[in-house]
Amino acid sequence: MPVANGMPGWPSPAQPRDMDQLLDLDIDLQQLPKQVNPPDFWQEKAACYGLDPEVFFPTTEEEAGLALSYCGLCSVREVCLAWSIQNGERYGVWGGTTEQQRRRLIRHVA
Ligand code: SF4
């Protein structure tokens with residue numbers, strides 16, 4: 001399965017899923033696309049297309065590993081993360097990040 005060219009800071013799917021590592025992503029939000037279409041425009045290209053949405057809304061950060069694995073293979077990851085940040089998506093896994101990770105990323109640039 002092809003692995004998307006991601007931005008620096010995202011763990012590749014082959015890397016261990018240590019929660020400390022996951023919570024310390026070094027993603028530069030300034031590098032994300034500025035104008036992002038809604039998910040209707042890109043969801044068919046997503047690695048999660050057609051999967052059970054519950055996987056992407058884990059009840060704890062520790063249960064996000066499966067969703068993050070799909071994100072690691074996703075060709076629209078940057079668009080997905082940009083959409084979630086620009087639209088204040090508070091819940092669920094978006095663009096290879098958990099709720100907690102996005103909060104940290106946003107706090108970091110605020
Ligand atoms: S980055 Fe993750 S949540 Fe976003 S579209 Fe891809 S697989 Fe789905």
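Which side chain of opposite charge is nearest to E61, and how far away is it? Keep that puzzle in mind as you work through the exercises below, all set on a predicted model.

**Exercise 1. Get an overview of the protein: how many helices and strands does it have?**

Step 1. Look for the elements: the protein has four helices and zero strands.

Step 2. Read them from the N terminus on, and the order is α-α-α-α.

Step 3. Turn to burial. The protein has 110 residues, and 36% of them count as buried.

**Exercise 2. Solve the opening puzzle by describing the surroundings of E61.**

Step 1. Find E61 in the loop between α1 (19-23) and α2 (65-72).

Step 2. Check its charge partners. E61 is buried but has no salt bridge. The nearest side chain of opposite charge belongs to R103, 5.5 Å away. A salt bridge needs a side-chain nitrogen of Lys or Arg within 4 Å of a carboxyl oxygen of Asp or Glu, so the pair does not qualify.

Step 3. Look for other polar partners. The side chain of E61 makes a polar contact with the side chain of T98, at 2.4 Å.

**Exercise 3. Describe the largest pocket: which residues lie nearest its centre?**

Step 1. Start with its volume: the largest pocket holds about 410 Å³ of space.

Step 2. Go to the lining, which is made by 22 residues. Nearest the centre are A46, C48, F56, C80 and W94.

Step 3. Link the lining to the helices. The elements giving two or more residues to it are α2 and α3 (77-86).

Step 4. Sort the lining by character: 17 residues are nonpolar, three are polar and two are charged.

**Exercise 4. Walk along the loop between α3 and α4 (99-109), where G96 has its place. Are G95, G96 and T97 buried or exposed?**

Step 1. Begin with G95, which lies in this loop. G95 counts as buried because its relative accessibility is 2%, and the cut-off is under 20%. Its C-alpha atom is 9.5 Å from that of I85, ten residues away along the chain.

Step 2. Move on to G96. With a relative accessible area of 10%, G96 is buried too. The C-alpha atoms of G96 and R77 are separated by 6.6 Å, although the two residues are 19 apart along the chain.

Step 3. Finish with T97, also in the loop between α3 and α4. T97 has a relative accessible area of 0% and is therefore buried. A polar atom of the T97 side chain lies 2.7 Å from the backbone oxygen of W94. You have met W94 already, among the residues nearest the centre of the largest pocket.

**Exercise 5. Set two helix residues side by side: why does Q86 count as partly exposed, and why does R102 count as buried?**

Step 1. Place them: Q86 is in helix α3, and R102 lies in helix α4.

Step 2. Apply the cut-offs. Q86 has a relative accessible area of 41%, which is between 20% and 50%, so Q86 is partly exposed. R102 has 2%, which is under 20%, so R102 is buried.

Step 3. Find a residue distant in sequence for each. Q86 and K34 are 52 residues apart in sequence and 8.7 Å apart in space, C-alpha to C-alpha. For R102, the C-alpha atom of I85 is 7.5 Å away, with their positions 17 residues apart along the chain counted as the separation.

Conventions
Residues are numbered from 1 along each chain as its sequence is written. This is a predicted model: local features need pLDDT of at least 70, side-chain atom pairs count only at pLDDT 80 or more; totals for chains, interfaces and linings use all residues. Side-chain values use heavy atoms; hydrogens and water are left out. Buried means under 20% relative accessible area, exposed over 50%, partly exposed in between (1.4 Å probe, protein chains only). Lys and Arg count as positive and Asp and Glu as negative; His and the chain ends are not counted. A polar contact is a pair of N or O atoms within 3.5 Å; within protein, one must be able to donate a hydrogen and the other to accept it, and residues adjacent in sequence count only if both atoms are side-chain atoms. On a 1 Å grid over the protein atoms alone, a cavity is a set of points where a 1.4 Å probe fits but cannot get out, and a pocket is an open set with protein on both sides within 12 Å along at least five of seven lines; lining residues have an atom within 4 Å of a point. Grid points are joined across faces, edges and corners, and a volume is the space filled by probe spheres set on the points. Ala, Val, Leu, Ile, Met, Phe, Trp, Tyr, Cys and Pro count as nonpolar, Asp, Glu, Lys and Arg as charged, and the others, Gly among them, as polar.
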